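I opened this notebook to keep track of what I looked up, one topic at a time. The chain and its model come before the entries.

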Amino acid sequence: MMALMGGFARINNNEITVLVNDAEKGSDIDPQEAQQTLKIAEANLNKAEGKRQKIEANLALRRARTRVEAINVIS
């Protein structure tokens with residue numbers, strides 16, 4: 001399992017090409033660190049003020065959730 005952060009997929013002639021901004025093997029992710037990062041990201045989103053902070057906090061939360069989901073699939 002891989003955690004893929006941001007990007008897109010293109011399908012052409014039954015072939016899929018996936019382009020991502022960042023990727024991480026699920027087996028390389030420390031479960032405790034990932035859970036802690038998720039809690040921090042949730043707290044940061046709740047206290048974010050202004051459009052820029054909210055966007056950045058939301059992106060961090062999505063990344064943290066993706067990492068936790070990757071480790072949960074392989075567990």
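The entries below go from the strands to the core, then to the pocket and a few single residues.

**Entry 1: the kind of model.** I noted before anything else that this is a predicted model.

**Entry 2: the two strands.** I looked up how strand S1 (2-12) and strand S2 (15-25) are arranged. S1 and S2 pair in the antiparallel sense, and I recorded 10 bridges for the pair. As one example of a bridge, I took Gly7, whose partner in S2 is Val20. The two strands make a hairpin, with 2 residues between them.

**Entry 3: the turn.** Which residue in the turn of the hairpin has a positive phi? I found Asn13 there, with a phi of about 55°. I noted that Asn13 is a residue other than glycine. I also looked at Asn14, which is placed in the loop between S1 and S2. Asn14 is not a glycine, yet its phi is positive, at about 60°.

Are these residues buried or exposed? I wrote down a relative accessible area of 71% for Asn13, so Asn13 is exposed, the cut-off being over 50%. Asn14 has a relative accessible area of 82% and is exposed as well.

**Entry 4: Ile16 and Arg10.** I moved on to Ile16, which is part of strand S2. Ile16 has a relative accessible area of 57%, so I entered it as exposed, since that is over 50%. Setting aside neighbours within four places in sequence, I listed Ala9, Arg10 and Ile11 as the contacts of Ile16.

From there I turned to Arg10, a residue of strand S1. Not counting residues up to four places away in sequence, Arg10 touches Glu15, Ile16 and Thr17. I then checked a distance from Arg10 to Glu42, which is 32 residues apart from it along the chain. The C-alpha atoms of Arg10 and Glu42 are separated by 31 Å.

**Entry 5: the nonpolar core.** How many residues does the largest nonpolar core have? I recorded 11 residues: Ala3, Met5, Ile29, Ala34, Leu38, Ala41, Leu61, Ala64, Val68, Ala70 and Ile71. Strand S1, helix H1 (31-47) and helix H2 (50-74) are the elements that give two or more residues to this core. H2 gives the most, with 5 residues.

I picked out Ile71 from this core for a check of its contacts. Apart from residues up to four places away in sequence, Ile71 touches Gly26, Ile29, Pro31 and Ala34. Among these, Ile29 and Ala34 are listed in the core.

**Entry 6: Arg67.** I looked up Arg67, which has its place in helix H2. Is Arg67 buried or exposed? Its relative accessible area is 9%, so Arg67 is buried, the cut-off being under 20%. With neighbours within four places in sequence left aside, Arg67 is in contact with Ala3, Met5, Glu24, Ile29, Glu33, Ala34 and Thr37. Several of these names were already in my notes on the core, including Ala3, Met5, Ile29 and Ala34.

**Entry 7: the largest pocket.** I noted a volume of about 160 Å³ for the largest pocket. Which residues line this pocket? I listed Leu4, Met5, Gly6, Leu59, Arg62, Arg63 and Thr66. S1 and H2 are the elements that give two or more residues to the lining. H2 gives the most to this lining, with 4 residues. Met5 is in this lining, and I had also entered Met5 under the core.

**Entry 8: Asp28.** I found Asp28 in the loop between S2 and H1. Its relative accessibility is 56%, so Asp28 counts as exposed. Arg52 is 24 residues apart from Asp28 along the chain, and I wrote down 31 Å between their C-alpha atoms.

**Entry 9: the UniProt record.** I checked what UniProt lists for residues 28-71. The unreviewed entry gives "domain: ATP synthase epsilon subunit C-terminal" for them. In the model, this span is 89% helix and 0% strand. I noted that its end C-alpha atoms lie 9 Å apart.

How values were computed. Residues are numbered from 1 along each chain as its sequence is written. This is a predicted model: local features need pLDDT of at least 70, side-chain atom pairs count only at pLDDT 80 or more; totals for chains, interfaces and linings use all residues. Side-chain values use heavy atoms; hydrogens and water are left out. A nonpolar core is a set of buried Ala, Val, Leu, Ile, Met, Phe, Trp, Tyr and Cys residues joined through side-chain atoms within 4.5 Å. Buried means under 20% relative accessible area, exposed over 50%, partly exposed in between (1.4 Å probe, protein chains only). Contact means heavy atoms within 4.5 Å. UniProt positions are given in the numbering used here, feature names are shortened, and annotations may be inferred rather than shown by experiment. Two strands pair if DSSP finds at least two bridges between them. On a 1 Å grid over the protein atoms alone, a cavity is a set of points where a 1.4 Å probe fits but cannot get out, and a pocket is an open set with protein on both sides within 12 Å along at least five of seven lines; lining residues have an atom within 4 Å of a point. Grid points are joined across faces, edges and corners, and a volume is the space filled by probe spheres set on the points.
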